[in-house]
Amino acid sequence: MYVPDIAEQWGVVVTKVRRLVDDGTVIGVRRGENNALQVPAAFIGPNGTVKGICGLLTVLRDCGFSDEEALEWLFTDDPSLPGTPVQALAENRGTEVKRRAQAMLL
């Protein structure tokens, strides 16, 4: 989702959403013709970020993942979940996902 669209959905100013990207609460990527900043829609809830995404991103960074590697891990199918880690977060199975990420630290 484009940052202005997220801001509109949440009823906040665009700079507040950009701050979430800048401080690492969510991952933003620049894509498309206009190189506009976007955040994966799977990270965005109706009134804020999806529960657990911030903590999970912290764990992945602690594991040494770059933002690109974290995105790949989050959106890659994991048969042990089943589904992708980001789907599990959306289904309120964040503890399971976080455990798998923390196991990578060991």
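User: What makes the crossing of helix 1 and helix 2 right-handed?
Analyst: The sense of the turn. A crossing gets that name if the near helix is turned clockwise from the far one by less than a right angle, and it is left-handed if the turn is anticlockwise. Helix 1 and helix 2 fit the right-handed case. By the way, this is a predicted model: local features need pLDDT of at least 70 and side-chain atom pairs count only at pLDDT 80 or more, while totals for chains, interfaces and linings use all residues. Residues are numbered from 1 along each chain as its sequence is written, and side-chain values use heavy atoms, leaving out hydrogens and water.

User: How do the axes of helix 1 and helix 2 lie, and which residues make the contact?
Analyst: The axes of helix 1 (residues 3-10) and helix 2 (residues 14-22) come within 8 Å and cross at roughly 115°. Those axes are lines fitted to C-alpha atoms over the stretch in contact, with angles from 0 to 180 degrees between N-to-C directions. The helices themselves are DSSP runs (H or I, at least four residues), and strands are too (E, at least two), numbered from the N terminus. Val 3, Pro 4, Ile 6, Ala 7 and Trp 10 of helix 1 meet Val 14, Val 17, Arg 18 and Leu 20 of helix 2, where contact means heavy atoms within 4.5 Å.

User: Why is Thr 84 called buried?
Analyst: Buried means under 20% relative accessible area, exposed means over 50%, and partly exposed is in between (1.4 Å probe, protein chains only). Thr 84 comes in at 10%, so it counts as buried. Thr 84 sits in the loop between helix 4 (67-74) and helix 5 (85-90). Leaving aside residues up to four places away in sequence, Thr 84 touches Leu 74, Phe 75, Thr 76, Asp 77 and Asp 78.

User: And what makes Asn 92 exposed?
Analyst: Asn 92 has a relative accessible area of 58%, so it lands in the exposed class. It is found in the loop between helix 5 and helix 6.

User: How do you know that there are zero disulfides?
Analyst: A disulfide is a pair of cysteine sulfur atoms within 2.5 Å. The sulfur of Cys 54 has its closest cysteine sulfur in Cys 63, at 15 Å, so that is too far for a bond. The search of the whole structure agrees, with zero found. Cys 54, at 36% relative accessibility, counts as partly exposed, and so does Cys 63 at 22%.

User: Why are the buried residues of helix 3 said to be on the same side?
Analyst: In helix 3 (residues 53-62), the buried ones are Ile 53, Leu 56, Leu 57, Val 59 and Leu 60. They cover an arc of only 160° around the axis, so they are on the same side of helix 3. The arc is taken from the directions from the helix axis to the C-beta atoms. These buried residues pack against helix 4, helix 5 and helix 6 (94-103).

User: What makes the phi of Asn 35 worth a look?
Analyst: Most residues other than glycine have a negative phi, and most peptide bonds are trans. Asn 35 is not a glycine, yet its phi is positive, about 55°. It lies in the loop between strand 1 (29-31) and strand 2.

User: And which peptide bond is cis?
Analyst: The bond from Leu 81 to Pro 82, with omega near -20°. Pro 82 is in the loop between helix 4 and helix 5.
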